[in-house]
Amino acid sequence: MSKKWLYGFFGILLFVVGVLIPQGKALAFHDVPSKYETEIRYLIDRGIVKGVPGGDFAPDQIVTREQAATMVGRALGLDGDRRNTVFYGVDSNSYASGYIQSAYEKGIITGYTDGTFRPKKQMTRGEMAYLISKAFSLSDQSPVHYDDLQSSGSQYEAINKVTTAGISNGYSDGTYKPTHSITRTEFSLLVARGLNANFRVSQDNNPLEERVVTAGILNARSGPSTSHSIIGKLSRGTTIEVYSEQGDWLKFSYGSLEGYVHKDYTAPKTSGSRTIAIDAGHGDGDGGAQGNGVLEKEINLKVAKRVQDYLENSGIDVVMTRSDDTFVELGDRVTYAVNHNADTFVSIHSNSFSNPNVSGVETFYSSSALSQRASDSKRLATFIQNRLVKAMQSNDRGVKDVPYKVIDDTPLPSALVELGFVTNDSDASKLGSSYWRDRAAKAIYQGIIDYYNWKG
Ligand SMILES: [Zn+2]
């Protein structure tokens, strides 16, 4: 390519850019947020968004009802000629009067029951959803839930439609906040997404679920494998937003950090408040089973306290029937749990037997009393047993229906875990090891989470 040709090329380029600059008014605004520049430029180039007096975009300024009507009116190409409106209190000479009247005629906006429009009042997110759903004739709905919205009524329908269309979404805490005001940036995004489907929020941008980090420190990586670089570290108990799953890896965000973590080191964040009673069997003068230098009451308490840590780090409240080497009557353990609003009860024990060859994990429930409690208890016991057998690499002695007092004489879904046999060499050495006790505790915790997820 000759130099002469290159100069010519740049000459043409300069000419094109030179022509474009005066039209691109965005260049006059210094305060357009870079994250949303594409969408906002799209509106500015079409004359839909103009600067505020003083010449800036004012991204954080709250949108009033007349500003919203004007922006939507321009977006839809409605007649904006200033004129009288059907509403009391709208100055026919105001810049918004024509758009307010046109939008009213199209059924896009409504006034108040007293016949006013209140043009200077701040637009709420609920009103905005109504206006956007009408302006862009949205009709599709899908199963949409927000924690602060009843799933019925015209406002819910409007919010459902803008959510389903990928134009608006809620907050990461699961709420929509329909009474909150809306900024010029937020409103611009909605109008841009309404006009141009390319800007819409894909399903991928709505978190699938919230999960909690269960590892002490969890590496966040740039891609879904350990060969990708570490871009951050998350500490135990951190709540992350999960967007998609790829094999064992989760695409997540936490604040401004976005990346991948391994699924095994996270657990679902349980919805609603959960309170579980953890019961470390025996205590004080009642030592429980004994063998191979291992004393049951001590093992039970150590594992129970680790279970407590795992649960509390996941946001679950824990009631401990004992936290130190004291003796508590069996009946009092149940009463204590019930009086402290526990919804579930898990008792932790270790086994012994005359034959030292007998080993393994077993979990008990009681099928007596209420049938719902019985079936919940069996589920709870099964979830814990399955996790524990795997984690302890032990003999699976199964889930058994036996009416032990703490799991029988109680209104709560309950399970009693036998971690292993102190009278068996192999089991006893695991129970005496903090490594294996931690594995046991984590397995019990995971079984409880499995149960809560199943309960819903
Ligand atoms: Zn025991």
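Between domain 2 and domain 3, the count of residue pairs in polar contact, both at pLDDT 80 or more, is 0. A polar contact here is a pair of N or O atoms within 3.5 Å; within protein, one must be able to donate a hydrogen and the other to accept it, and residues adjacent in sequence count only if both atoms are side-chain atoms. Salt bridges between domain 2 and domain 3 also number 0. The side of domain 2 that touches domain 3 has 3 nonpolar, 2 polar and 2 charged residues. Ala, Val, Leu, Ile, Met, Phe, Trp, Tyr, Cys and Pro count as nonpolar, Asp, Glu, Lys and Arg as charged, and the others, Gly among them, as polar.

This is a predicted model: local features need pLDDT of at least 70, side-chain atom pairs count only at pLDDT 80 or more, and totals for chains, interfaces and linings use all residues. Numbering starts from 1 along each chain as its sequence is written, and side-chain values use heavy atoms, without hydrogens and water.

Domain 2 spans 210-267 and domain 3 spans 275-455, with bounds from an automatic or database domain assignment. Their centres, taken over C-alpha atoms, lie 30 Å apart. In contact (heavy atoms within 4.5 Å) are 7 residues of domain 2 and 5 residues of domain 3.

Now the salt bridges. Each one is a side-chain nitrogen of Lys or Arg within 4 Å of a carboxyl oxygen of Asp or Glu. The count comes to 15. One salt bridge joins the side chains of Asp-45 and Arg-41, at 3.2 Å, N to O.
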